[in-house]
Every structure is written in C-alpha cells, then in structure tokens.
Amino acid sequence: MAAAPAESPAARRDEIPGAALPLAALAALVRGVEAGDDVEGTLAELDGIGSAELVHTRKCTPRELVAAAIARIEKTNPRLNAVVHDRFEQALAEANAVDLSAPFAGVPFLYKDIGGFEAGERATLGMRLLRDRDMLAPFGSNYADQIRAAGFIPLGRTNTPELGLCATEMLYFA
C-alpha cells in the first residue's frame with residue numbers, strides 16, 4: 001500500500017496569517033519537531049535571543065515571528081485577559097520594515113500598560129477612567145524608543161493594576 005502524499009507547505013500557510021512558512025515548519029526550524037508535537041509550545045519556549053537568532057540566521061522572517069505570536073495571543077487571551085490593547089495590524093506592517101541588523105530584529109514584544117508609551121497610542125496606566133476616555137499618549141517615552149531601536153516589534157499592552165499600585169485585578173477589562 002502506497003503512503004499518502006505529504007501535504008505541501010503551501011497548503012498549511014494559513015495557520016499563520018501572512019506568513020511565508022506554516023507554523024509547523026517554523027517550529028521545526030527551532031528544534032526537530034515531529035508530526036504531532038506541540039508546535040505552539042515549541043515556539044513559546046523561545047526567549048528573545050532564540051527568536052532573534054532565527055531571524056539573523058534567516059530561518060524565519062520577522063513577519064513570521066510576529067504572526068506566530070499574534071496567533072498564540074488570539075488563542076490564549078480570551079482565557080487570560082492579559083493583552084488589553086493590541087496593535088496587531090501595525091505590528092505586521094512594522095515587521096516587514098524592521099532593520100535586520102538590529103540585535104532583536106523582529107522579536108515580538110508586549111509593553112505593560114504602565115510605561116513605554118508611544119505617541120498617539122493608547123495609554124491608560126490601568127485606569128478605567130482613561131480607558132473610557134480613550135486616552136492616547138501625547139508623546140513617546142525614551143523606553144519605547146530604546147525598545148524600537150533594538151528591533152523589537154510591540155504587539156500591544158498587557159493588563160496592569162491602576163497606576164501600578166497594587167495587585168492586578170480583573171475589574172479593568174473584565
């Protein structure tokens with residue numbers, strides 16, 4: 001009995017919107033991933049240095065890293081309520097234009113909603129009052145400039161207690 005033909009890589013590219021490689025192929029580049037392995041878990045094990053190495057060795061593109069991170073956030077965030085402001089479309093566009101010579105070129109990154117503000121983007125400091133008024137940062141921070149200069153691609157902001165003063169509570173975006 002003849003073996004079934006292998007599925008072509010092009011047939012699985014829809015696993016990561018906008019990616020040139022399917023998620024399984026990207027994970028296989030990280031370490032020897034076999035069929036049936038936890039592909040998302042494999043990518044989640046990478047730190048910033050490991051992710052940057054994939055880009056610098058041309059095993060994947062910044063857009064593929066960003067798209068894989070977005071896919072994981074979209075899958076897990078409804079349960080976690082961790083990412084309260086996303087900027088996925090902008091991040092995908094920025095991944096196409098990132099300086100590949102930067103040390104962390106294309107590595108996905110999330111700001112805590114307490115700092116690292118970029119001009120014109122949401123800035124609520126975990127406060128419902130600022131969220132309800134759709135507060136935008138009037139200017140960018142030095143921290144955000146340094147993150148960008150290193151090549152990181154911000155995907156959004158994570159939940160934080162009001163003004164960062166106490167433990168995170170779910171009232172803000174629950």
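Author: Before we start, one term: contact here means heavy atoms within 4.5 Å. Please also keep in mind that this is a predicted model.

Reader: Thanks! With that in hand, which residues is Leu-155 in contact with, leaving aside its neighbours within four places in sequence?

Author: Happy to list them by position. Leu-155 touches Val-66, Ala-69, Ile-70 and Ile-73. Further along, the list holds His-85, Asp-86, Arg-87, Phe-88 and Ala-91. It is completed by Pro-108, Phe-109 and Leu-110.

Reader: Which residues have the most contacts inside the largest nonpolar core?

Author: That core has 13 residues. General experience fits here: nonpolar side chains in soluble globular proteins tend to be buried together. Those with the most contacts inside the core are Val-66, Ile-70 and Leu-155.

Reader: And which element gives the most residues to this core?

Author: Helix 4, helix 5 and strand 3 (153-158) are the elements that give two or more residues to the core. With five residues, the top contributor is helix 4.

Reader: Good to know. How is helix 4 oriented relative to helix 5, roughly parallel or roughly antiparallel?

Author: Helix 4 spans residues 62-80 and helix 5 residues 88-97, and their axes lie 8 Å apart at an angle of about 160°. Angles over 145 degrees fall in one class, so the pair is roughly antiparallel.

Reader: How many nonpolar residues does the contact of helix 4 with helix 5 have?

Author: Helix 4 passes helix 5 in a right-handed crossing. On the helix 4 side the contact includes Pro-62, Val-66 and Ile-70, and on the helix 5 side it includes Phe-88, Leu-92 and Asn-96. One polar and two charged residues take part, and the number of nonpolar residues is 10.

Reader: Let's move to Phe-139. Is Phe-139 buried or exposed?

Author: Phe-139 lies in the loop between helix 6 (128-132) and helix 7 (142-149). Its relative accessibility is 60%. The cut-off for the upper class is over 50%, so Phe-139 counts as exposed.

Reader: Which residues is Phe-139 in contact with, leaving aside neighbours within four places in sequence?

Author: For scale, Phe-139 and Glu-121 are 18 residues apart in sequence and 9.1 Å apart in space, C-alpha to C-alpha. The contacts of Phe-139 are Phe-117, Glu-118 and Ala-119.

Reader: Finally, what pattern does the protein chain follow along the sequence?

Author: The protein chain has seven helices and three strands. Of its 174 residues, 41% count as buried. Read along the sequence, the pattern is α-α-α-α-β-α-β-α-α-β.

How values were computed:
Residues numbered from 1 in each chain as written. Predicted model: local features only at pLDDT ≥ 70, side-chain atom pairs only at ≥ 80, totals over all residues. Heavy atoms only, no water. Axes fitted to C-alpha atoms, helices over the stretch in contact; angles between N-to-C directions. Helix = DSSP H or I, 4+ residues; strand = E, 2+ residues; numbered from the N terminus. Parallel < 35°, antiparallel > 145°, perpendicular 65-115°, else oblique. Left-handed = near helix turned anticlockwise from the far one by under 90°. Nonpolar A, V, L, I, M, F, W, Y, C, P; charged D, E, K, R; others polar. Core = buried A, V, L, I, M, F, W, Y, C linked by side-chain atoms within 4.5 Å. Buried < 20%, exposed > 50% of the residue type's maximum accessible area, 1.4 Å probe, protein only.
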